[in-house]
Every structure is written in structure tokens, then in C-alpha cells.
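Biologist: I would like to learn how to read helix packing and a nonpolar core from a model. Can you take me through one?

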Amino acid sequence: MAQQPVDIDYKSILQTQLLQRVMDTLPIGLLKDLLRLTQQGNLQKLRQELAALEEKDSNYRSFAISLFDLAKQLQTEAIEQILLDYLEQQPIERLLVES
């Protein structure tokens, strides 16, 4: 019996890993602010914050562009999930110290 090929989206896996590395360097407070704006549906302010972040430091460009593109597509649930997933993985100490 032949095995079905597994369809692995390597591009998505790589993008997720890159975003994770960038988010590791961002202040928790900023990530929480982005989450709050997303949950409030304030996409205009979210896009402004992401544009400012990209201008502030080019190391954050991939992160800012990824979320900015999702915001342009009104993908608030996807943005919220990315941020929530990341924040939930953080040690409580980081969440408390950097808030």
C-alpha cells in the first residue's frame, strides 16, 4: 500500500520561525498593545504602529510587513492568533517583567 505524500508548507514553517525570532526581541508591552488594537478592531491604528515599528528598526521589517499585510486583508483573527500563540508561550517572568 503506497503512502500518501505529506503536503508540508515549508514556506509557512520558515515564516513562522522567522516571526518567532523577531518577536523574541520585541518588548512584551508592544506585542500586548498590538494584540489589544487587533481585538478592538482598530486596524488603522494597528497599521500605523506597524509602520512606525518598521521605520524604527529594519530588523522588525518582516514582522511588521507580515502583520501589516494581514491587517490590509482584514485578517484580524489571524493576527490575533499569531500574537496570542506567541504570548502564551512566554515564561510568566517575561510577561511580568516587561509589561
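Modeller: We will go through helix pairs, then the core, then one residue in α3. Keep in mind that this is a predicted model.

Biologist: Start with α2. How many residues does α2 have, and what span does it reach?

Modeller: Compare the end-to-end distance with the expected rise. α2 has 13 residues and reaches 18 Å from first C-alpha to last, close to the 18 Å expected at 1.5 Å a residue. Glycine 41 follows α2, and its phi is positive, near 75°.

Biologist: Which residues of α2 are buried?

Modeller: Look at relative accessible area; under 20% counts as buried. In α2 that set is Ile28, Leu30, Leu31, Leu34, Leu35, Leu37 and Thr38.

Biologist: Now the pair α2 and α3. At what angle do their axes cross?

Modeller: Read the distance and the angle together. The axes of α2 (residues 28-40) and α3 (residues 43-56) come within 9 Å and cross at roughly 155°. Therefore α2 is roughly antiparallel to α3, as angles over 145 degrees are classed that way.

Biologist: Which residues make that contact?

Modeller: From α2 come Leu30, Leu34, Leu37 and Thr38; from α3 come Lys45, Leu46, Glu49, Leu50 and Leu53. By class, the α2 and α3 contact holds six nonpolar residues, one polar and two charged.

Biologist: And how do α4 and α5 pack?

Modeller: Their axes lie 8 Å apart, at an angle of about 145°. Phe63, Leu67, Leu70 and Ala71 of α4 meet Ala78, Ile79, Ile82 and Leu83 of α5. This contact has eight nonpolar residues, no polar and no charged ones.

Biologist: Next, the core. Which members of the largest nonpolar core touch the most others?

Modeller: Look for the members with the most partners. Among the 24 residues of the largest nonpolar core, these are Leu26, Leu31, Leu46, Phe63 and Leu83. Two or more residues come from each of α1 (10-25), α2, α3, α4 (61-72) and α5 (76-89). α2 gives the most, with six residues.

Biologist: What does phenylalanine 63 touch?

Modeller: Leave out residues up to four places away in sequence. Phenylalanine 63 then touches Leu19, Val22, Met23, Leu26, Leu31, Leu34, Leu50, Leu53 and Leu83.

Biologist: Last, alanine 51. Why does it count as partly exposed?

Modeller: Check its accessibility against the cut-offs. Alanine 51 is partly exposed because its relative accessibility is 29%, and partly exposed lies between 20% and 50%. Its place is in α3. Alanine 51 is 17 residues from phenylalanine 68 in sequence, and their C-alpha atoms are 7.9 Å apart in space.

Technical notes: Residues numbered from 1 in each chain as written. Predicted model: local features only at pLDDT ≥ 70, side-chain atom pairs only at ≥ 80, totals over all residues. Heavy atoms only, no water. Axes fitted to C-alpha atoms, helices over the stretch in contact; angles between N-to-C directions. Helix = DSSP H or I, 4+ residues; strand = E, 2+ residues; numbered from the N terminus. Parallel < 35°, antiparallel > 145°, perpendicular 65-115°, else oblique. Contact = heavy atoms within 4.5 Å. Nonpolar A, V, L, I, M, F, W, Y, C, P; charged D, E, K, R; others polar. Expected span 1.5 Å × (residues − 1). Buried < 20%, exposed > 50% of the residue type's maximum accessible area, 1.4 Å probe, protein only. Core = buried A, V, L, I, M, F, W, Y, C linked by side-chain atoms within 4.5 Å.
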